[in-house]
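Work through the exercises below with the model open beside the text. Try each task before reading its solution.

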Amino acid sequence: MDENLTGYLTQLLPEQENWVLELEKQAKEDHVPIMDPVGIHFLMQVIKLRKPASILEIGAAIGYSALRMIQANPAATVLTIERDEQRYKQALYNIEKQQKQDKIDVIFGDALEKAEDIVAKGPFDLLFIDAAKGQYQRFFELYSQAISKGGLIITDNVLFKGYVADPDKVHPRYAKLGKKIRKYNDWLMQNPDYTTSIVPIGDGVAISIKE
Ligand code: SAM
C-alpha cells in the first residue's frame, strides 16, 4: 500500500493495550515478521463480523496474530502451527503470559508435513495462511478440505510489497516471489469452489469464501 496512505490509516487506529504494544515491540526487536497494524485490525474486523468458532492458522511466529484473533472473538479457539523452534517457544510463552493457553493450541512442525493430523482436528470456520509465501497454493490445497462450507480462507501478503501487481518492479530476491504470488492469485480467483476478493490493505489480504 502507498506509504502515505499506510501512515494515515495507522495513526487513525485506536490506542492498543500494553500487551499488544509489547508484542509488537518484541517482534520488531527480534526481526520477526508479524502482521502490520492496519492489516491485523482488518482481520480482526472480519472476525468480529463472522465470529468463527474454530480458527486454524499456518504461521504462528510468536503468537501475536493468534492472540489478536482471540481478542476479536473471545469465544473462538485457535489451532496454530510454527516450524521455527525458537518462535514456537516464544509463542507458547506469550500465550501463557496472556492466560490464553486454553484458547490457543500451538503445534511445532511444518504445515506441509502435518496436514493429515491437523485436518483430522477440523473442521475449521476460518483458515488464516501467513507462512512461507512460495507455498500458498500448497497450503490452500492441503487444508481446504478442513474448512467448513461457508467458511473463510484468508491469505496475507498477496500483494507483497508491490511486487505482485507490478511485474516490472525489479528486486534480486522479491521479484521471483512476486511472480509466484501472482500465479497464486490467478489460481485463487479462478478457483470455482471459492469466491475471493483481494483487499489492498496492509500487504494485501485475500478473503476466500468456500461455496
Ligand atoms: N501470523 C504471524 C503474526 O502475524 O503474528 C506471523 C507469521 S510470520 C509472517 C510466518 C511464520 O510462518 C514464520 O514464523 C515461519 O517460521 C512460519 N512458517 C513458514 N513456513 C511454514 C511451514 N511450512 N509450516 C509452519 N510454519 C511455517
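The exercises that follow treat a predicted model, starting with the ligand and ending with the backbone.

**Exercise 1.** Find where the ligand sits and which residues come nearest to it.

Solution.
- Step 1: Look for the largest pocket, since the ligand sits there.
- Step 2: Collect the residues around the ligand, of which there are 21. Gly59, Ser65, Glu82, Arg87 and Asp130 come nearest.
- Step 3: Sort the shell by residue type. Eleven of its residues are nonpolar, three are polar and seven are charged.
- Step 4: Locate the shell on the fold. Helix α4 (64-72) and strand β2 (77-82) each contribute at least two residues to it.

**Exercise 2.** Identify polar atoms of Glu82, Arg83 and Arg87 that lie within 3.5 Å of a ligand N or O atom, and state how much of the ligand is buried.

Solution.
- Step 1: Start at Glu82, where a polar atom of the side chain is 2.6 Å from a ligand oxygen.
- Step 2: Go on to Arg83. Here a polar atom of the backbone lies 3.3 Å from a nitrogen atom of the ligand.
- Step 3: Turn to Arg87, whose side chain places an N or O atom 2.8 Å from an oxygen atom of the ligand.
- Step 4: Consider the surface. The ligand on its own exposes 610 Å², and the protein buries 94% of that area.

**Exercise 3.** State how many salt bridges the model has, and explain what the one between Arg68 and Glu24 ties together.

Solution.
- Step 1: Recall that side chains of opposite charge can pair when their charged atoms come close.
- Step 2: Apply the cut-off of 4 Å between a side-chain nitrogen of Lys or Arg and a carboxyl oxygen of Asp or Glu. The count is five salt bridges.
- Step 3: Pick out Arg68 and Glu24, whose side chains form one with an N to O distance of 4.0 Å.
- Step 4: Place both residues. Arg68 belongs to helix α4 and Glu24 to helix α2 (residues 18-29), so this pair ties together parts 44 residues apart in sequence.

**Exercise 4.** Describe the backbone at Pro123 and at His31.

Solution.
- Step 1: Check the peptide bond from Gly122 to Pro123, which is cis, with omega near 0 degrees. Pro123 is in the loop between α6 (115-120) and β4 (124-129).
- Step 2: Read phi at His31. The value is near 55 degrees, which is positive in a residue other than glycine. His31 lies in the loop that runs between α2 and α3 (37-50).

Technical notes: Residues are numbered from 1 along each chain as its sequence is written. This is a predicted model: local features need pLDDT of at least 70, side-chain atom pairs count only at pLDDT 80 or more; totals for chains, interfaces and linings use all residues. Side-chain values use heavy atoms; hydrogens and water are left out. A residue is near a molecule or strand if one of its heavy atoms lies within 4 Å of it. A polar contact is a pair of N or O atoms within 3.5 Å; within protein, one must be able to donate a hydrogen and the other to accept it, and residues adjacent in sequence count only if both atoms are side-chain atoms. Accessible areas come from the Shrake-Rupley method with a 1.4 Å probe; for residues, only the protein chains shown count as cover. On a 1 Å grid over the protein atoms alone, a cavity is a set of points where a 1.4 Å probe fits but cannot get out, and a pocket is an open set with protein on both sides within 12 Å along at least five of seven lines; lining residues have an atom within 4 Å of a point. A molecule sits in a cavity or pocket if more than half of its atoms lie within 2 Å of its grid points. Helices (H or I, at least four residues) and strands (E, at least two) are DSSP runs, numbered from the N terminus. Ala, Val, Leu, Ile, Met, Phe, Trp, Tyr, Cys and Pro count as nonpolar, Asp, Glu, Lys and Arg as charged, and the others, Gly among them, as polar.
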